[in-house]
Amino acid sequence: MKLRKKIIIFISFVAILGIGATYLMLHVILLNRFEKLDEAELKRNLSKATAAYHQELDNLRTGLLDVAVRDETYRFIENAAATGSADSSSTAAAFIRSSLEPAAYPMNHFDMIALLDLDGQPLYGGSYDLPAGIVTPLTEEQLTLIKLIRSRLPVPGSPGKSRSGFVNLDKGTMLITLTPILNSSKNKPVIGTAIAGRMLHQDGIAQIWEDTLSTMEMSRLTTPLLADSGGERVWTSPARGGQMSIHTILDDLFEDPGMVLTLKEPRQFYNSGLKSLSTFRMFYFISILLMLGASLLFVNRFILRRMSTLVRNIRMIGSSKDLSIRIPSSGKDEFSEVEVEFNRMIDSLEQTQDELRQQSMLDPLTRLPNRSLFFDKLNEAIAAVKGSDRQIVLVFIDLDHFKTVNDTLGHDFGDAILKETAFRITQVVGKHDVVSRLGGDEFTILLYDVPDEGSIARQLSRIQEALSMPHRIKGHLLYNTASIGISIYPQNGEDADYLVKQADLAMFHVKETGRNNIFQYSEDLEAGIRRKKVLAQQLLSAAAGNEFELHYQPILGAGHLRVSKVEALLRWHSPAYGPVSPAEFIPLAESSGSIVGIGSWVLRQVCSDMRDFRSRGLELTAAVNISALQLMQPGLLELLLELLDEYELPASSLELEITESVLVSGDGIFLSLQQLRAHGFRISLDDFGTGFSSLSYLRRFPVDVIKIDRSFISEMSREAQGDVLVKAIIELSHNLGLRVVSEGIEHREQFDMLRELGSDELQGYYISRPLQAQALYSFLEQGNYYTGR
């Protein structure tokens with residue numbers, strides 16, 4: 001679809017949407033508001049009509065007070081009560097002629113007057129016949145009403161106790177009021193009740209409500225009207241024929257709902273608003289149509305036509321393939337900017353190609369030279385100083401624990417650290433030095449023409465200090481260090497690849513020896529690394545070549561001073577290097593994975609020796625070190641059970657020793673230890689206190705024995721607080737139900753103190769050095785240490 005058609009459709013759609021929205025706003029929002037105003041006005045008028053109705057009752061009561069609170073009326077009731085008849089005296093007749101003559105009825109708008117004694121008996125009663133202008137006796141219905149009033153309402157005790165309302169009679173609704181009969185001074189007691197009533201005809205309603213715009217109707221409360229009210233005392237009816245109506249329920253003289261007051265009036269605000277909106281709507285629609293036409297003309301003239309011209313010019317350049325052609329500028333609007341930018345794009349094509357070639361030689365994240373460009377620069381530097389006495393320093397940097405940042409916080413944090421590291425390095429090196437990123441978290445620095453070792457040390461110190469500063473990234477303060485290796489041309493080599501390899505080797509040595517350090521390549525370093533590689537390779541076949549040997553160090557019971565347990569210690573004689581310390585070959589075996597095979601050999605040899613011991617009457621328990629890799633192997637339990645069955649040994653003959661670092665290796669280790677313990681193997685925690693596990697692990701993991709590390713034992717003394725830590729460990733272990741072995745005992749003083757502190761078992765050179773299996777027999781016999789049968 002052409003853009004022209006899209007614009008026309010869009011403008012038309014917006015215009016229609018605007019018209020529809022305006023129409024909806026006018027008819028739904030504004031007219032609804034006008035209707036609310038009419039309803040509010042109707043409610044206000046209803047309040048006025050209700051007030052007018054109550055005012056009419058007050059007027060009726062006021063007229064009755066002129067008759068009830070008079071001395072003549074009081075004497076009339078008083079004499080009638082004394083004689084027993086209202087017509088027995090000339091005084092009564094004179095009172096009736098003067099105060100209750102026929103003219104008094106229409107003057108006070110009365111249709112009925114009655115005077116009652118305190119017992120509620122009518123002493124006087126008259127009903128006014130308006131057409132005849134005469135007063136007639138009370139009708140039967142009026143007398144019945146008086147009886148009803150006498151039975152349901154008390155006699156008013158004071159003028160303030162007057163009561164007014166309406167009653168529904170057969171002939172219609174009557175407004176009625178009651179007031180007590182008093183003398184004019186109101187210093188005598190109430191002697192009776194005066195009642196006055198007026199029939200409520202349509203002309204009477206018109207007299208109550210004289211508003212010209214609205215009409216008031218009063219009708220009896222019927223069941224349909226009660227249903228329409230919905231249980232409310234005030235409700236409105238839907239508008240019909242331009243009229244709105246509102247209703248309210250009025251209580252009668254006896255405070256029972258009995259009449260509905262209805263007020264009707266035209267919808268003034270709504271009709272006025274509807275008329276005004278009709279006029280506005282016509283002008284609005286015409287204005288929209290005119291704006292629509294003007295918009296289409298403007299779009300066609302200033303947008304579509306300019307766009308067509310621009311497209312023709314671009315097609316002409318594209319078909320000619322002549323980049324020297326430029327689009328002439330035709331104004332100062334956005335299309336002109338497009339023309340200028342198009343011309344600038346053609347100008348920059350060749351420049352962009354050069355930049356792309358340059359970008360291929362830079363690291364995209366840090367904008368440093370990449371591996372390819374760095375080797376070019378290094379080869380250029382070697383060629384420049386070759387044959388002179390100048391030297392070049394190659395620095396190889398690897399960030400410590402950088403993978404942890406990526407794994408825990410995400411690669412965005414890692415990228416931020418890499419960019420910040422690149423910036424810091426470039427700030428502390430010389431302007432001719434070359435900094436590059438080889439990949440990952442590895443950086444190299446080419447330091448040109450460094451005169452002496454002091455200058456090298458100062459430069460490397462500045463680099464290390466810059467890298468050790470914390471990084472503040474997204475609210476996190478991250479500390480990072482670096483392992484740095486260096487090689488120097490020409491003393492460490494004259495080939496670029498070889499220099500980088502040597503610096504990398506030096507950096508790797510820093511990684512293995514604790515990180516966050518600087519090390520220069522040397523032949524001794526390479527020899528040490530070569531030794532580790534040879535040893536790691538030989539360990540793979542050491543068990544098969546019978547190069548290992550087990551020694552056993554006795555463990556003495558602190559209470560009975562007898563040996564019931566020994567610790568199995570592995571020794572290795574390398575074919576190439578002779579005796580190798582366990583501290584050296586065990587980490588190599590764990591890192592290479594050969595520790596699993598070696599551990600299986602150790603378990604088999606220990607079981608074999610334990611069987612030999614038992615055959616000679618020595619029922620000993622052997623403590624065997626188990627690595628984390630062995631515990632994670634799924635077949636360890638099966639191997640142990642198989643060996644016990646093969647050598648006819650109970651599970652109590654083996655005690656499996658683990659280190660604290662094993663406890664934090666995961667839930668897999670926890671399950672493995674649970675299974676081993678469930679099959680009768682005791683678990684011993686070796687070197688306790690030197691690792692990084694928390695005390696909560698002692699409660700969670702299935703451990704039976706705690707071995708206090710020799711570093712705590714060596715610091716014990718008889719001085720005050722000299723045994724606090726060891727004492728605390730022993731007490732804590734006993735509280736948790738664990739046995740305690742103290743290792744590394746070298747003096748009698750340590751031996752005695754540990755027995756006093758309650759250590760369960762004792763181990764160390766003071767008791768015995770590790771012994772071969774044959775030598776162990778002699779030791780036990782000579783020292784009388786064995787607790788056998």
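Which residues in helix 14 meet which residues in helix 15? The first legend answers this; every view is taken from a predicted model.

**Figure 1. Contact of helix 14 with helix 15.** From helix 14, the residues Tyr498, Leu505, Ala506, His509 and Glu512 meet Leu525, Glu526, Ile529 and Lys532 of helix 15. By class, the residues of this contact are five nonpolar, one polar and three charged. Helix 15 spans residues 523–542, and the axes of the two helices lie 11 Å apart at an angle of about 65°. Helix 14 and helix 15 are therefore roughly perpendicular to each other, since angles of 65 to 115 degrees count as such. Their crossing is left-handed.

**Figure 2. Packing of helix 12 against helix 13.** Helix 12 covers residues 411–428 and helix 13 covers residues 453–468. The angle between them is about 150°, and their axes are 9 Å apart. Because angles over 145 degrees count as roughly antiparallel, that description applies to helix 12 and helix 13. The crossing of this pair is right-handed.

**Figure 3. Residues at the contact of helix 12 with helix 13.** Helix 12 contributes Thr421, Arg424, Ile425 and Val428, which meet Gln459, Arg462, Ile463, Ala466 and Leu467 of helix 13. Five of the contact residues are nonpolar, two are polar and two are charged.

**Figure 4. The loop between strand 14 and strand 15, with Lys474.** Strand 14 comprises residues 471–473 and strand 15 residues 476–478, and Lys474 lies in the loop between them. The phi angle of Lys474 is near 55°, a positive value in a residue other than glycine.

**Figure 5. The cis peptide bond between Tyr489 and Pro490.** Omega for this bond is about 10°. Pro490 is located in the loop that runs between strand 16 (482–489) and helix 14 (496–512).

**Figure 6. The largest pocket and its lining.** The volume of this pocket is about 900 Å³. It is lined by 36 residues, of which Leu569, Pro582, Ile586, Asn625 and Asp686 are the closest to the pocket centre. Elements that give two or more residues to the lining include the strands 19 (563–574), 21 (621–625), 22 (654–659) and 23 (682–688). Helices that do so include helix 16 (582–592), helix 17 (595–615), helix 18 (628–632) and helix 20 (660–663). The lining is made up of 17 nonpolar, 10 polar and nine charged residues.

Technical notes. Residues numbered from 1 in each chain as written. Predicted model: local features only at pLDDT ≥ 70, side-chain atom pairs only at ≥ 80, totals over all residues. Heavy atoms only, no water. Axes fitted to C-alpha atoms, helices over the stretch in contact; angles between N-to-C directions. Helix = DSSP H or I, 4+ residues; strand = E, 2+ residues; numbered from the N terminus. Parallel < 35°, antiparallel > 145°, perpendicular 65-115°, else oblique. Left-handed = near helix turned anticlockwise from the far one by under 90°. Contact = heavy atoms within 4.5 Å. Nonpolar A, V, L, I, M, F, W, Y, C, P; charged D, E, K, R; others polar. 1 Å grid on protein atoms, 1.4 Å probe; cavity = no way out; pocket = protein on both sides within 12 Å on 5 of 7 lines; lining within 4 Å. Points joined across faces, edges and corners; volume = space filled by probe spheres on them.
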